[in-house]
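Me: I would like to learn how to read pockets, a metal site and unusual backbone geometry from a set of coordinates. Could you take me through one case, giving the general idea before the particulars?

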Amino acid sequence: MMMPYSQNKVLVFDLDDTLYKEIDFLISGYRYISDFVSSKYGLEKSTVYGELIDWYYSDCNPFKELISRYHLSEKISTLLAIYRNHYPSIALDYDTEDLLRRSKEKGVTLGLITDGRGYTQRNKIRALGLERFIDNKNIVISEEFGSEKPSFQNFEYFMTLYPNSSFVYVGDNPKKDFITPNILGWITIMLSDDGRNIHKIPQGLKEEYQASFRLDNLSGIIELIGCQD
Ligand SMILES: [Mg+2]
């Protein structure tokens, strides 16, 4: 399933749990909240951080537990806003950065379709340094764009921008990532969950929701789209 070499290739990625692991954003956010709370209330930072993580993995609401445990004056919504708006300490892994760099060098147009708040997603994009590889016009964030996946508009945007191109979408979530690009004739690639994904993959979804390819690692994409050396 190689694409013709002459054709312009547009390679579009999901963000969370595709270009980086969302658990890394959560860890960064919990560290930030621990810093904030421990300095304001004179608590031990590492204790607070450990408790947040424990509550998260016991399916409690960590911010609710934190407020009641230490009688904080903050509301859950305040802590949630701090979490969402903090500038995250996250990074691309080697394979991902290498793929983006090599794709760009080969003249592949890179894009992003992600669902979420503009402010939060923009912070992630900046922290990951994605502007080095992806033009701002090729970044579709649901809150800014006005619709979420699997809406057709979010994908058709690229087809309007780059007519006569072949399109690839790389994501992790069969519930909303692949159904629409499948219908639109894109090649779809699912990055497998390495066990760290925040949202577990639903089982038993119909064929049309599944990606045409499944990879354990993003570095295989270059070969898949026919851009190998
Ligand atoms: Mg995702």
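Reply: What follows takes pockets, then the metal site, then the backbone and a few side-chain contacts, and throughout it should be kept in mind that the model is predicted.

Me: How much space lies in the largest pocket, and which residues lie nearest its centre?

Reply: The general idea is that rolling a probe the size of a water molecule over the atoms shows where empty space is left. Here the largest pocket holds about 630 Å³ of space, and of the 28 residues that line it, Asp16, Glu22, Lys124, Ile198 and His199 lie nearest its centre. The elements that contribute two or more residues to this lining are α1 (22-41), α3 (62-70), α4 (76-85) and α6 (118-128), with α1 providing the largest share, four residues.

Me: What is the make-up of that lining by class, and which domains does it draw on?

Reply: The lining of the largest pocket comprises twelve charged, nine nonpolar and seven polar residues. At least three of its residues come from each of domain 1 (8-20 + 91-224) and domain 2 (24-85).

Me: How much space lies in the second largest pocket, and which residues are closest to its centre?

Reply: About 250 Å³ of space lies in the second largest pocket, which is lined by 18 residues, with Lys21, Asp93, Thr96, Leu191 and Arg196 the closest to its centre. By class, its lining divides into eight charged, six nonpolar and four polar residues.

Me: Turning to the metal, which residues are the protein donors of the magnesium ion?

Reply: As a general reference for judging such a site, ideal angles at a metal are 109.5 degrees for four tetrahedral donors, and 90 or 180 degrees for six octahedral ones. In this model the protein donors are Asp14 (OD), Asp16 (O) and Asp172 (OD), which lie 2.1 to 2.2 Å from the magnesium ion; water is not among the atoms, so the site may look incomplete. Along the chain the donors follow the spacing D-x1-D-x155-D, and both Asp14 and Asp16 are buried. Asp16 also appears among the residues nearest the centre of the largest pocket.

Me: Which peptide bond is cis, and where are residues with a positive phi found?

Reply: The background is that most residues other than glycine have a negative phi, and most peptide bonds are trans. The peptide bond from Lys149 to Pro150 is cis, with omega near 10 degrees, and Pro150 sits in the loop between α7 (142-145) and α8 (152-161). Asp59, in the loop between α2 (45-57) and α3, has a positive phi near 60 degrees, and Asn164, in the loop between α8 and β4 (165-171), has a positive phi of about 55 degrees.

Me: Why does Asp59 count as exposed, and is Ser28 buried or exposed?

Reply: Asp59 counts as exposed because its relative accessibility is 74%, where the cut-off for that class is over 50%. Asn164 is likewise exposed, with a relative accessible area of 71%. Ser28, in helix α1, counts as buried because its relative accessibility is 9%, and a polar atom of its side chain lies 2.9 Å from the backbone nitrogen of Ser89.

Me: Where does Asp194 lie, and what lies 3.0 Å from a polar atom of its side chain?

Reply: Asp194 lies in the loop between β5 (187-191) and β6 (213-215) and is partly exposed, with a relative accessible area of 45%. A polar atom of the Asp194 side chain lies 3.0 Å from the backbone nitrogen of Arg196, and Arg196 is one of the residues closest to the centre of the second largest pocket.

How values were computed
Residues are numbered from 1 along each chain as its sequence is written. This is a predicted model: local features need pLDDT of at least 70, side-chain atom pairs count only at pLDDT 80 or more; totals for chains, interfaces and linings use all residues. Side-chain values use heavy atoms; hydrogens and water are left out. On a 1 Å grid over the protein atoms alone, a cavity is a set of points where a 1.4 Å probe fits but cannot get out, and a pocket is an open set with protein on both sides within 12 Å along at least five of seven lines; lining residues have an atom within 4 Å of a point. Grid points are joined across faces, edges and corners, and a volume is the space filled by probe spheres set on the points. Ala, Val, Leu, Ile, Met, Phe, Trp, Tyr, Cys and Pro count as nonpolar, Asp, Glu, Lys and Arg as charged, and the others, Gly among them, as polar. Domain bounds come from an automatic or database domain assignment. Donors are N, O and S atoms within 2.8 Å of the metal (3.2 Å for Na, K and Ca); water is not among the atoms, so sites may look incomplete. Buried means under 20% relative accessible area, exposed over 50%, partly exposed in between (1.4 Å probe, protein chains only). A polar contact is a pair of N or O atoms within 3.5 Å; within protein, one must be able to donate a hydrogen and the other to accept it, and residues adjacent in sequence count only if both atoms are side-chain atoms.
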